[in-house]
Each structure stands twice: as structure tokens, then as C-alpha cells.
Amino acid sequence: MRIAILLVLIAISSTTETHLTAIKQLREKTRITPFSDYFYGMLELHQSSKLGEVVTIVQSMLDKLIAASGANEAEHSSQQANYEQQISKLENTLETTESELSSVNQQINDLTSDLSSLTQSLSFQGQQLLLLSNQITQLSDNHQEEVRASEEKFNNNSRYLAAVQEVLRFLSDTLLGNTSLIERERAIEAAKQSLGDKHPISIMIQMTSQYDDNTIRRVITKLEGIAQNVQERLDAINTSSNNSEQQYETLRSQFETTYSNLDKDKQFNQRQATAKDNDLASAKRRQQELQELISTSKELLDQTRIAQDNENTSYTSKRSHISEEISIVQSALDLLSQLPAQ
């Protein structure tokens, strides 16, 4: 601008006392600035006889200053609009991000609570499964002991029944079937040799052989009663054993069904816990990302607002400077228009 002013002033080759007086009056009315002091000083130092050309040049200078003022306004409006757009975007991003972060924080709280409940459930279910497993094992052990005791009782009674039946057979076939004393003695001797002298059957046969036939028949009747009682006990043992086996199978099936169902529930809860644990890890990663994004957005928002303020300050200073130069040049143009034509 000062170069343009200098070109204008160089074009001034002469002036009159009237001109100088007018310039001094204008200087006195104008606020002293580096630009005004320079401008009026150059007017005083230079002279011109081509007033019309000078007026044209000064007018051109004024037009350029007005255009520069308009360009400054347009640039300011454009930059302010750009800043406002950036600020709006950053504020929207910040609002959306903070809203999402709030949702993620709630999700983390919910997942943490769910995982705590699932962990407690899994611990309880594990204890229940262990208890059921021990009960099934104990039930099986008890059943095996009952089976062993029942088999032992059955075997003892079977052996007793076999012995009674053997005595009955010997009494019926050997003693009652042999009427002569010699035949009985032979039968008794054969029993001793077959069973041994100390065998209960041998002893009983030897004792019974001394009885008469009627007495032997009464003994046989009593032994048949004993054999029937023993057989009834065997039947009862079989019935009890069968019932016990059915009860055992039913009870074991109930335990195993309960165990299976509880184990399925535990596996389902375990899958749920694993899924929620993965969701929690993902949510925490997203939480970190959102927190970093919020921090960055706030920083960018602050920087953009500072840049906007700086641009406003720069615009205000530049507008004031251009307005002041326009005022000075306009005053000079008014002065030149008041001078008489050369």
C-alpha cells in the first residue's frame, strides 16, 4: 500500500501555498498514525501540476483499499463458517461418543454383575455335582454290599436246604427203603465213607437209624417242614434281592438324571460366562477407544476454538487497519477535490 502511495506522490510535481495549508489543516484533524504521518509527509514533500491524474490515482488507491476490506470480510466469513462447521462436527462427535461411552459403561456394569452371578452359580453347581457324584458312588457301594450280603445269606440257606434234603433223601431211600438191619448198617457205612464220620448228615443218619420207622417218619415230616421254611427264606431273599435291585436302579437313575440335568445347566452357564467374559473384554476395549476419542475430540475442539479466536483477533486488527487507511486516503481525496485545477 505504501508503495502505491509513493507512486501517487511521485506523480505530484508541484503545489501551491493553498495546497500546503490545506494539507496542514487535514493533518491537524487526523489522528496521527505511522501511515497518516507518512502519507501527509509525502504530500508536503512532493509537488504536482497534474491534479487530475493525482485524483485518479488516489481514487484507484481508495478503490483497492475498499476491495481489500471486502476481501477481508469475505475471507473472515468463510473462515468463521469453516470454524463453526468444524466445531459443530466436533461437538456432535463428542456428544455421540460420550453417549456411547455412557452406554458402554452401563454394559460393563451389567456384564460384571452377570459374571458375578454366573460365577456363584457355577461354584454352587460344581459343589452340587460333586455331592451327587459322591452319593452315586456311595449308593453303588452300598448296593454292592447288600448284594454280597444277600448272596452270602442265600448261599448259606441253599447249603442248609441241600443238607436237609440230603438227610431226607437218605432217611427215605436208605433207612425206610431197607428194612433189614444189615442193609441199614451198610447204608450208614456207605454214608460215613462218602461224607466222613464227623459230617452232620453222617451223625444224624447214625442217630436216626436207631429209631423205628414211625419215629423216622416223624423226623422226616419235621425235616420237610424245615426244608419248606428254608425254601421260603430263599424265595424271600430272592424277592427282596429283586426289589432291592429295582429300587437301586430306580434311585440310581434318578440320581444320574439329576446329575445329567445339573451338568447340562452348568455347561450352559459356563458357555454364558465365557460369552459374557468375551463381551466384557470387548466392551472394555471399546471403553478405552471412546475415552481416547473423547480426549482427542476435546483437545481438537479447544484448539479449533482458540484458532477461531485468533482469526477473529487477526480479522479485527486487519479491519481496523484497513478502515484507518481508507479514512486517510478518503480525506486526501477530499482534499484534492477541493484544490483549484491547475
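This tour proceeds through the structure in a series of selections, from the whole chain to individual residues.

**The whole chain**

Please begin with the complete chain displayed as a cartoon, bearing in mind that the model is predicted. The protein contains seven helices and zero strands, so that the order of elements from the N terminus reads α-α-α-α-α-α-α. Of its 342 residues, 31% count as buried. If the surface is switched on, the accessible area comes to about 21300 Å². Carbon and sulfur atoms account for 50% of that area. Among contacts with a separation of 6 or more, 88% join residues 24 or more positions apart.

**The largest nonpolar core**

Next, select residues 51–175, which form helix 4, and residues 213–338, which form helix 7. These are the elements that give two or more residues to the largest nonpolar core. That core has 16 residues, and helix 4 supplies the largest share of them, ten residues. Which members touch the most other members of the core? They are Val104, Ile108, Ala273, Leu280, Ala283 and Leu301, and they may now be shown as sticks. As a general point, nonpolar side chains in soluble globular proteins tend to be buried together.

Centre the view on alanine 283. Residues up to four places away in sequence aside, alanine 283 touches Val104, Gln107, Ile108 and Leu111.

A second, separate core can then be selected; it has eleven residues, including Ile216, Ile220, Leu223 and Leu234.

**Threonine 304**

Move along helix 7 to threonine 304. Is this residue buried or exposed? Its relative accessibility is 9%, and threonine 304 therefore counts as buried, the limit for that class being under 20%. Which residues does threonine 304 contact, when its neighbours within four places in sequence are left aside? They are Tyr83, Gln86, Ile87 and Leu90.

**Salt bridges between helix 4 and helix 7**

The remaining stops concern charged residues. Side chains of opposite charge can pair when their charged atoms come close. The whole structure holds seven salt bridges.

Select glutamate 91 and arginine 305, which form a salt bridge with their closest N and O atoms 2.6 Å apart. Glutamate 91 belongs to helix 4 and arginine 305 to helix 7, and this pair links distant parts of the chain, 214 residues apart. Glutamate 91 is partly exposed, with a relative accessible area of 34%. Arginine 305 is also partly exposed, at 34% relative accessibility.

Now select glutamate 100 and arginine 286. The closest N and O atoms of this salt bridge are 2.9 Å apart. Because glutamate 100 lies in helix 4 and arginine 286 in helix 7, the pair ties together parts that are 186 residues apart in sequence. Glutamate 100 has a relative accessible area of 30% and is partly exposed; arginine 286, with 31%, is partly exposed as well.

**A network of three residues**

Keep arginine 286 in view and add glutamate 289. These two residues also form a salt bridge, with a distance of 3.1 Å between the closest N and O atoms. How many residues apart are they in helix 7? They are three residues apart, and so about one helical turn separates arginine 286 from glutamate 289. Glutamate 289 counts as partly exposed, at 42% relative accessibility.

To conclude, display Glu100, Arg286 and Glu289 together: salt bridges link them in a network.

Conventions: Residues numbered from 1 in each chain as written. Predicted model: local features only at pLDDT ≥ 70, side-chain atom pairs only at ≥ 80, totals over all residues. Heavy atoms only, no water. Core = buried A, V, L, I, M, F, W, Y, C linked by side-chain atoms within 4.5 Å. Buried < 20%, exposed > 50% of the residue type's maximum accessible area, 1.4 Å probe, protein only. Helix = DSSP H or I, 4+ residues; strand = E, 2+ residues; numbered from the N terminus. Contact = heavy atoms within 4.5 Å. Areas by Shrake-Rupley, 256 points an atom, 1.4 Å probe, with all protein chains shown as cover. Salt bridge = Lys/Arg side-chain N within 4 Å of Asp/Glu carboxyl O.
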